[in-house]
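Let us walk through this structure together, one part at a time. Please keep the sequence and the 3D view side by side as you read.

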Amino acid sequence: MTIGLFAVFIVITLGVTIWARVNTKGTDDFYAGGRTFSGAQNGLALAGDYMSAASFLGIAGIIALSGYDGFLYSIGFLVAWLLTLLLVELMRNAGRFTMADVLSYRGGKRPMVRTAAAVSTVTVSVFYLVAQMVGAGALVSLLLGIHPGETFMGISPEAAKVITILVVGMMMIFYVSYGGMKGTTWVQIIKAVLLMAGTTALTVLVLSRFGFNPSEMLGAADARSGKPGEFLNPGQRFAKDADGIIGVLDFVSLAVALVLGTAGLPHIVGRFFTVPDARAARTSVNWAIGLVGAFYLMTLALGFGATALVGQQAITAQDPSGNTAALQLAQAVGESVAGPVGGEILLAFIGAVAFATILAVVSGLVLASSTSLAHDFFGHVLMFGKPKESQEVAVARFSAFVIGVFAVFLAVLVRDMNVAFLVALAFAMAASANLPAIVLSLFWRRFNSTGVVCGVYGGLLGSIVLVALSPVLSGGPRSLLPPPVDFHVFPLENPGLVSIPFAFLCAVAGTLLSREKADPGRYSELSVRALTGAGAHGQSAKNVGGGR
Amino acid sequence: MQADDLAGLATDERFRLLKARFRRLALTIVGAFLGWYFLYIALSAFARDFMALPAIGNVNVALLLGVLQFVSTFALAWRYTRYARRMLDPLSAELRDEAGQRQAQRERERRILAERHRIENWTRR
């Protein structure tokens with residue numbers, strides 16, 4: 001039944017994608033959806049791009065198991081949008097399709113800035129992609145209820161995982177390479193509406209069980225949590241007393257990465273350019289703040305509701321990391337409203353929503369990286385900024401295919417690992433590699449292209465190396481590599497606290513140490529353009545902005 | 001858009017005002033939300049007894065402050081948007097229009113020159 005509902009979603013989105021294909025002609029259409037989306041539409045799409053299955057299933061599960069501490073994720077994910085709100089208009093005015101347009105504005109035609117931006121965009125996207133696709137594989141085995149050793153209609157769980165990853169991969173490649181930004185945006189909008197509807201329905205049903213009194217729900221959750229009296233207090237998951245100061249630092253490090261990462265996520269930045277002007281961009285971020293805020297508030301009801309109605313024991317029995325909490329809750333709530341059939345229906349609906357969520361997010365990521373490869377690397381580095389438009393679009397479609405296949409390959413390879421840390425890593429990388437370069441480009445008069453390159457690579461490599469040397473990979477209780485292997489030197493699991501200042505340092509040092517002279521004229525030009533929108537690429541970009 | 005049109009506006013008094021206003025606004029908002037967010041994180045890490053105090057029924061201080069983070073985010077976004085609409089948008093629209101007019105003027109001059117050139121070439125033949 002989940003499969004049936006999901007098939008309906010696929011049929012509708014395929015129709016939209018084909019319609020989008022007919023209406024996609026040049027680069028403005030493929031990369032920026034023709035810049036004709038309204039603020040509200042783009043706001044829905046931003047929310048759709050942002051709310052991944054990791055937040056839907058993952059955060060509900062973390063709250064269900066760790067109580068209050070899970071809620072800290074929700075807060076970080078929302079608060080981050082204020083930074084995005086402050087940057088969105090400037091970036092919309094200064095850029096054309098990608099973050100690299102903003103970063104390279106001041107350095108003129110130096111290709112190394114474009115290359116660095118493309119490398120960072122693709123790396124962040126691929127890490128995030130793999131996490132989402134492995135999640136899709138895990139989700140299907142949970143939905144089909146197959147445990148190790150069991151089979152479902154003759155399919156072993158391993159095969160089911162691989163098949164799911166392949167299907168999701170094929171769909172996302174199709175959406176992106178066929179529909180471009182227009183198709184992908186509509187997929188996001190449909191997904192956001194579905195996700196909000198599903199979450200709201202579930203929240204209302206859960207609260208109705210407690211007479212719409214949240215306090216009563218919290219009490220019931222506390223009682224069935226296995227740690228009554230402590231479940232609602234800080235310290236169940238982060239900065240446990242036993243971990244001492246390292247635990248606290250690790251916790252702060254995660255909080256920093258969550259708050260500073262959002263504004264540097266490539267699939268979010270790419271969406272700034274799909275609206276006609278800066279004002280619409282501001283409106284769209286405001287919409288996104290409203291939707292994302294409402295959604296994360298509802299994760300409270302989902303998480304605590306799952307503990308209260310399903311119980312922690314039943315949740316961990318199904319999946320030790322709690323990812324099934326929202327699904328089990330749907331079944332339990334549906335059953336209490338309309339008997340076993342109701343349970344099945346609600347479970348199927350929420351399951352289909354979760355699949356739609358994964359599919360939409362991975363499409364956004366593939367679009368962001370193929371746009372960067374085609375526009376930044378092919379267009380500006382290989383073709384010296386003078387590619388034919390049709391050529392560039394063809395390259396973008398092809399790179400969507402290449403990145404998609406690569407991500408599917410990686411995901412199949414690591415399908416049995418617990419790769420949840422990759423999401424936090426992607427945020428840390430975006431916060432370290434992209435955010436310092438963006439902020440300094442917009443606000444520091446002396447900043448030059450050597451500084452950009454040093455900052456981007458410094459942040460990217462810094463965060464990857466720190467994670468590789470941390471207990472995430474070896475030497476910790478939950479490490480990926482088995483116990484005898486231990487080469488960890490860096491004590492924190494989250495690199496942000498070190499890698500973000502390090503990236504700023506690299507950017508400043510690169511600027512000051514290089515012999516390259518910053519061009520003050522270009523800086524004045526950029527700041528006028530960013531703040532006023534004069535000369536920005538508008539809806540009729542070819543007439544207004546073509547001169548630059 | 002000619003580059004010197006934009007760079008020329010950079011020294012304009014109105015642009016300086018716009019820039020100063022934006023910076024002040026941005027710094028206030030960043031300071032407010034980062035300060036409040038990290039205060040909250042610090043409380044979660046160090047003031048656990050305080051966070052565990054009951055506030056309303058089973059809702060403790062930690063959850064209440066968490067929900068207040070949501071409220072403050074909405075409030076700051078609203079504050080920013082209102083200020084931008086009143087104090088930034090009119091200024092930036094004025095400057096943008098001016099830049100557009102200058103460009104249109106330049107475009108007209110260029111076209112007239114080109115036309116004159118064409119006629120001269122034609123009569124010379």
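Over residues 540-548 of chain A, pLDDT (the predictor's confidence in each residue, from 0 to 100) stays under 50. For this stretch the model has 13 contacts beyond four places in sequence, where two residues are in contact if their C-beta atoms, placed from the backbone, lie within 7 Å. Chain A as a whole has a mean pLDDT of 84, and 94% of its residues reach 70 or more.

A word on conventions will help here. This is a predicted model, in which local features need pLDDT of at least 70 and side-chain atom pairs count only at pLDDT 80 or more, while totals for chains, interfaces and linings use all residues. Residues are numbered from 1 along each chain as its sequence is written, and chains are lettered from A and ligands numbered from 1 in the order in which they are written.

Now look at the interior. The largest nonpolar core contains 227 residues; such a core is a set of buried Ala, Val, Leu, Ile, Met, Phe, Trp, Tyr and Cys residues joined through C-beta atoms within 7 Å. A residue is buried if 20 or more other C-beta atoms lie within 10 Å of its own, exposed if 12 or fewer, and partly exposed in between, with C-beta atoms placed from the backbone. Met133(A), Val292(A), Ala326(A) and Leu329(A) have the most contacts inside the core. Leaving aside residues up to four places away in sequence, Val292(A) touches Ala47(A), Tyr50(A), Met51(A), Leu78(A) and Trp81(A).

For a contrast, find Gly229(A), in the loop between H9 and H10 of chain A. Gly229(A) counts as exposed because it has 10 C-beta neighbours inside 10 Å.

Chain B comes next. Its secondary structure comes to four helices and two strands, where helices (H or I, at least four residues) and strands (E, at least two) are DSSP runs, numbered from the N terminus. The C-alpha atoms of chain B fill a box of roughly 95 × 25 × 25 Å along the principal axes. Of its 125 residues, 24% are buried.

Finally, where do the two chains meet? The contact takes 43 residues from chain A and 44 residues from chain B. On the side of chain A that touches chain B, H5(A) gives the most, with nine residues.
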